[in-house]
Amino acid sequence: MFDFDALAACMSTSACLVNQATSGLIIGMLLFLVASGVTLIFGVLHVINFAHGSFYMVGAYFAYTAYVVTGNYFLAALVGAVGAGICGILFERLIISRVYGQNLLMQLLVCYAFILIVDDLVKIIWGAEYLAMGIPAEFRLPPFRIAGGYVPPFYLFLVAVAVCIGVGSVLLVTKTRFGKIVRAAALNAPMVSALGIRVNIYFALLFGYGCALAGVAGALAAPVRSLTPGMGLGILVESFIVTVIGGMGSIPGAFLAAIILGLTRSIGSVGFPLFVDGAMFMIMALVLIFRPTGLMGQGEPR
Amino acid sequence: MSLFIEFRRDLLIALVGLVVLIAIGLGIDHAWPRDFLTSIFAAALLAMSLNMLIGYTGLVSFGHAAFFALGGYIFGLLLQSPAFTGALGAGSVPVALVAAVIGTGVYSVVIGAICVRLTEIYFAFLTLAFQMFLYSVILSWVDLTGGDQGLMGGIPRPVFLGIDLADQYHRYVFCAVLFVACVMIMRIMTESPFGYTLRMIRDNATRAAFLGVNVTRVKLICFVVSSSIASVGGVILTLFTSGAYPEWAFWAQSGEAIFMIMLGGLNVFLGPVLGAVVLRILNDVVQMYTSHTEIVIGVVIMFVVLGLRRGILDFVKDWWVEKQQARLAAENRNGQE
């Protein structure tokens with residue numbers, strides 16, 4: 001199960017190290033985008049969006065179609081993000097808002113139903129086969145050579161976009177008027193609405209923003225991963241692990257945890273390919289046992 | 001002995017139920033009712049054991065099917081190993097059954113010890129995460145589990161005590177007895193003082209702790225017992241399909257079990273059984289018309305959750321209680337006049 005020779009051989013050459021680190025980094029960035037959406041929504045609305053993976057999938061499929069039609073990847077990524085965001089707002093208004101404050105069972109069931117419906121819709125519209133977008137035309141450039149390893153330009157673009165969005169999300173929540181209203185509404189919604197602010201709209205917008213993050217992740221993942229109905233669930237479980245390790249409600253925590261998990265995945269695929277999932281769960285279990293609030297979580301009880 | 005006296009009514013009902021089930025299975029000269037009921041036994045054990053967590057203890061687990069699948073896989077793998085059946089001969093089926101239950105129980109102690117300390121949202125998605133972990137282990141450990149093909153090639157079932165599980169009548173009666181026995185165990189647990197401790201934890205865990213209840217330990221015991229019972233469901237399905245498949249450990253299986261509980265009724269002991277029957281029939285009917293069953297089931301779930309907001313038996317129970325109260329109120333009014 002363990003292949004420490006391969007691991008040591010990889011660790012000793014800078015080329016392999018760079019390759020594994022970059023692939024770990026892009027996995028981590030995709031996870032971070034999805035997990036930060038989960039974390040944002042939970043932090044304000046106190047619901048876990050178990051259907052978050054579906055928006056990742058929807059974003060990827062929208063981007064795929066937009067790319068096939070227009071041939072412009074930047075436009076396609078935008079379509080993926082906005083499309084997922086709009087779906088998110090509709091989902092919030094029509095379905096999830098009806099079970100706010102109800103017990104977890106109801107929230108879980110509507111998300112379960114939503115995942116079933118969306119997965120089947122994707123199968124009907126795009127077919128059940130695997131789809132591949134391929135590296136978009138804009139990024140078909142020679143790779144950069146860094147310390148002997150090859151780094152495709154698209155990877156750099158992906159990481160840059162993810163970091164910018166991460167910083168943007170933190171600024172959005174902490175510095176803007178929108179963020180202040182949303183945080184106030186999270187603490188005391190009736191009070192905020194008494195001040196003449198339509199809280200429901202802000203909740204729906206925040207939910208849509210969280211889903212748009214998943215949509216961006218899907219659009220960014222489309223060139224490097226294959227598209228399949230049901231692709232949302234794998235990333236959903238991993239993004240949950242990220243939020244648990246990073247600490248619920250903390251975007252920097254999600255960033256750190258996503259990088260740790262991404263590197264575990266990519267380096268683990270060299271040293272212990274069959275135990276990659278196991279290693280992720282071990283990290284999560286260790287964090288839960290020794291630091292139950294997560295690496296950067298606020299000390300609130302759970 | 002006092003247990004028998006205390007639960008004599010429930011035991012009697014269980015016995016009558018068992019006789020009826022066996023009569024249906026043996027009396028009707030067609031395989032369909034037997035097959036249908038056997039698959040219901042498996043699904044209902046999964047849903048009822050999950051309801052011990054959700055309905056009685058307030059622990060919403062989204063990863064219960066992991067234990068169901070683990071039970072099935074342990075049972076199937078043991079019986080497929082020639083060394084095991086060779087060494088135990090006629091005793092191999094009962095030993096494999098016990099091993100499946102105990103093995104699942106031990107696994108659930110580890111998972112439960114990590115999970116039951118957490119509040120509901122964390123509990124729900126950690127159980128989901130551990131379930132997906134087991135799913136990925138089953139998929140990737142191809143040498144042992146056959147990967148996505150599942151346990152192929154049939155499962156040998158040596159005759160024990162004159163019971164030949166390869167014979168469909170014997171198998172049906174065996175599964176029915178297992179099912180009724182497990183239901184009885186759950187009945188006794190939920191109606192005993194332990195069961196009322198579970199309800200107290202569900203309603204107010206802090207107060208339960210003040211009253212001297214070790215909340216974590218009680219939750220863990222409930223988690224382990226319900227996981228072990230789910231594993232019996234997996235064993236029944238393994239016997240029925242003569243194989244074990246990774247989909248049993250997939251999240252959708254857990255979601256389905258949660259929906260069975262919700263559909264049948266959360267607060268009625270036999271609610272999940274009704275939910276299992278209704279969902280199974282719904283599935284079969286939809287499958288006759290379209291291959292896109294998921295979308296139909298999804299829409300039905302949305303309707304039940306957002307429209308009815310409670311299960312069928314909960315509905316009936318509420319209606320009954322309301323009627324009783326209306327009658328009492330009317331009697332009171334008449335008495336006053």
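Trainee: What share of the residues in chain A are buried?
Mentor: Buried residues make up 51% of the 302 residues in chain A. A residue is buried if 20 or more other C-beta atoms, placed from the backbone, lie within 10 Å of its own. Keep in mind that this is a predicted model, where local features need pLDDT of at least 70, side-chain atom pairs count only at pLDDT 80 or more, and totals for chains, interfaces and linings use all residues. Residues are numbered from 1 along each chain as its sequence is written, and chains are lettered from A in the order in which they are written.

Trainee: And for chain B, what share is buried?
Mentor: There, 43% of the 337 residues count as buried.

Trainee: What about secondary structure, how many helices and strands does chain A have?
Mentor: Chain A has 12 helices and 2 strands. Both are DSSP runs numbered from the N terminus, with helices being H or I of at least four residues and strands being E of at least two. Along the sequence the pattern is α-α-α-α-α-β-β-α-α-α-α-α-α-α.

Trainee: Same count for chain B, how many helices and strands?
Mentor: Chain B has 16 helices and 0 strands. Its radius of gyration is 21 Å, close to the 20 Å that the globule rule gives for 337 residues, so chain B is as compact as a globular protein of that length. The radius is taken over C-alpha atoms, and the rule is 2.2 Å times the number of residues to the power 0.38.

Trainee: What are the spans of the C-alpha trace of chain B along its principal axes?
Mentor: About 80 × 50 × 50 Å. For chain A, the trace spans about 65 × 50 × 35 Å.

Trainee: Switching to the contact between the chains: how many residues does each chain put in?
Mentor: Chain B gives 32 residues and chain A gives 28 residues. Two residues are in contact if their C-beta atoms, placed from the backbone, lie within 7 Å.

Trainee: Which helix of chain B gives the most to that side?
Mentor: α7(B), with 11 residues. The side of chain B that touches chain A has 24 nonpolar, 6 polar and 2 charged residues. Here Ala, Val, Leu, Ile, Met, Phe, Trp, Tyr, Cys and Pro count as nonpolar, Asp, Glu, Lys and Arg as charged, and the others, Gly among them, as polar.

Trainee: Now inside chain B, at what angle do α4 and α12 pack?
Mentor: α4(B), residues 65–80, and α12(B), residues 215–241, pack at about 55 degrees, with their axes 6 Å apart. Axes are lines fitted to C-alpha atoms, for helices over the stretch in contact, and angles run from 0 to 180 degrees between N-to-C directions. That makes α4(B) oblique to α12(B). Angles under 35 degrees count as roughly parallel, over 145 as roughly antiparallel, 65 to 115 as roughly perpendicular and the rest as oblique.

Trainee: Which classes of residue make up that contact of α4(B) with α12(B)?
Mentor: It divides into 9 nonpolar, 8 polar and no charged. Among the residues that meet are F67(B) and G72(B) in α4(B), and S227(B) and G234(B) in α12(B).

Trainee: And α2(B) with α9(B), at what angle do they cross?
Mentor: Roughly 160 degrees, and the axes come within 10 Å. The two helices are therefore roughly antiparallel to each other. Their contact holds 14 nonpolar, 2 polar and 2 charged residues.

Methods. Buried ≥ 20, exposed ≤ 12 C-beta atoms within 10 Å, placed from the backbone.
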